Amino acid sequence: MNLVKLIYELKPDEIYHLGAQSHVRVSFDIPEYTSDVTGLGTIRILEALREAGVKSRFYQASSSEMFGKVQAVPQTETTPFWPRSPYGCAKVFAYWATVNYRESYGMHASNGILFNHESPRRGETFVTRKITRAVAAIKVGKQKELFLGNLDAQRDWGYAPEYVEGMWMMVQQDTSDDYVLATNETHTVREFVEAAFGHADLDWKEFVKFDARYERPAEVDLLVGDPAKAKKQIGWEPKTKFRDLVRIMVDADLAELKSKS
Ligand code: GDP
C-alpha cells in the first residue's frame, strides 16, 4: 500500500515522523542510504499528506546535529546550521522541507530540534547506553574493559520521556512552529564516564580503553541548546538533569543484569 493511500484511509490526527537512519557514525559509511531514509523520507510523507488532502498535524524530528560545527553557543532556533555528517546534512534537508510545506501549503508542521535525549531504552551503540551497560556488566564481573573513542566531545544530554512530551506539546499548539528542546547544560563524554562508573563505586581509569574505530571523520564539538522559546511559548522545561540521568541509566542496566542472573 502506498503512502498516499495509507494516509487517506487512516486520516491520522497527528503524525510524528521519527523514522531515520539515526546513527551519526554509521551515516559516514552509508551516506546515500542515510540521505534517502532520513532526508527524502520526510518529503515523501509531507508530499503524501498534500496529495491525500488530509489535514494531519505533522511533527518532524529535527536534530541538534544540524548545528554541527556550531556557529553560536548556546544554539537557538535562529542559529545557522553547519552539519558535520551525512546524517546532519539529511536532517537539514528534512528541516527545510517541513518549513517549506508549512509555508507553501499552510500545513500544521513543526520541527522539534532535539538535543541528545537518553534513557534506559537508548540504542546500545550510542555512547551513553554503551557506557551504562558496560558499567553494569563490569560491576557484576561479566566484562573487563570498555573501548571508547573521543572522550572530549561535549553533548547536551536530557531525559527522553520529557522530550517526547515536548513533541506532543508542540503539536497541540494552534500554530505550528520550530522549537529547540535541550537542557542548556553541556558535559563531556569523560564526565559521563566518570559519573557512571562513580555511581557504581568503580574507578573508570581501570577499565576504559581507547579505540580509534569509534572516532569520526568530523566531530561536533560543543552542542548545547537554549530551550527558552519552548519554555515561553509552550511551557516546556527539562526536569531531569545530567547526574540524575546517569543514575537512572546505570540503575536500569544493573537491574536488568541482576534480573537475568
Ligand atoms: P550522537 O550525538 O547522536 O552522535 O550520539 P553518540 O552517543 O553516538 O555520540 C556522542 C559522542 O560520543 C560523539 O561525539 C562521539 O564521538 C563520542 N564517543 C566517544 N566514544 C564513543 C563510542 O564508543 N561510541 C559512540 N557512539 N560515541 C562515542
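The following exchange concerns the ligand site, an aromatic pair and the backbone of a predicted model.

Modeller: Local features here need pLDDT of at least 70, side-chain atom pairs count only at pLDDT 80 or more, and totals for chains, interfaces and linings use all residues. Residues are numbered from 1 along each chain as its sequence is written, and side-chain values use heavy atoms, with hydrogens and water left out.

Biologist: What makes the pair of an oxygen atom of the ligand and an N or O atom in the side chain of Arg155 a polar contact?

Modeller: A polar contact is a pair of N or O atoms within 3.5 Å. The atoms in question are 2.7 Å apart, so the Arg155 pair qualifies. A polar side-chain atom of Asn116 also lies 2.9 Å from a ligand oxygen, and a backbone N or O atom of Thr125 lies 2.9 Å from a ligand nitrogen. The protein buries 97% of the 540 Å² that the ligand exposes when taken alone (Shrake-Rupley method, 1.4 Å probe).

Biologist: Which residues come nearest to the ligand, and how is the shell around the ligand divided by class?

Modeller: Val127, Lys130, Arg155, Arg216 and Glu219 come nearest among the 18 residues around the ligand, where a residue counts if one of its heavy atoms lies within 4 Å. The shell has 8 nonpolar, 5 polar and 5 charged residues. Helix 5 (127–139) and strand 5 (146–148) each supply at least two of the shell residues.

Biologist: Why is the pair of Phe197 and Phe207 called stacked?

Modeller: Of 12 aromatic pairs in the whole structure, Phe197 and Phe207 form one with 6.0 Å centre to centre and 15° between the planes. Rings pair if their centres lie within 6.5 Å, and planes under 30 degrees apart count as stacked, over 60 as edge-to-face and the rest as tilted. Both values meet these limits, and therefore the pair is stacked.

Biologist: What makes Val73 to Pro74 and Asn184 notable in the backbone?

Modeller: Most residues other than glycine have a negative phi, and most peptide bonds are trans. The bond from Val73 to Pro74 is cis, with omega near -5°. Asn184 has a positive phi of about 65° although it is not a glycine.

Key
Polar contact = N/O pair within 3.5 Å; in protein donor to acceptor, adjacent residues only side chain to side chain. Helix = DSSP H or I, 4+ residues; strand = E, 2+ residues; numbered from the N terminus. Nonpolar A, V, L, I, M, F, W, Y, C, P; charged D, E, K, R; others polar.
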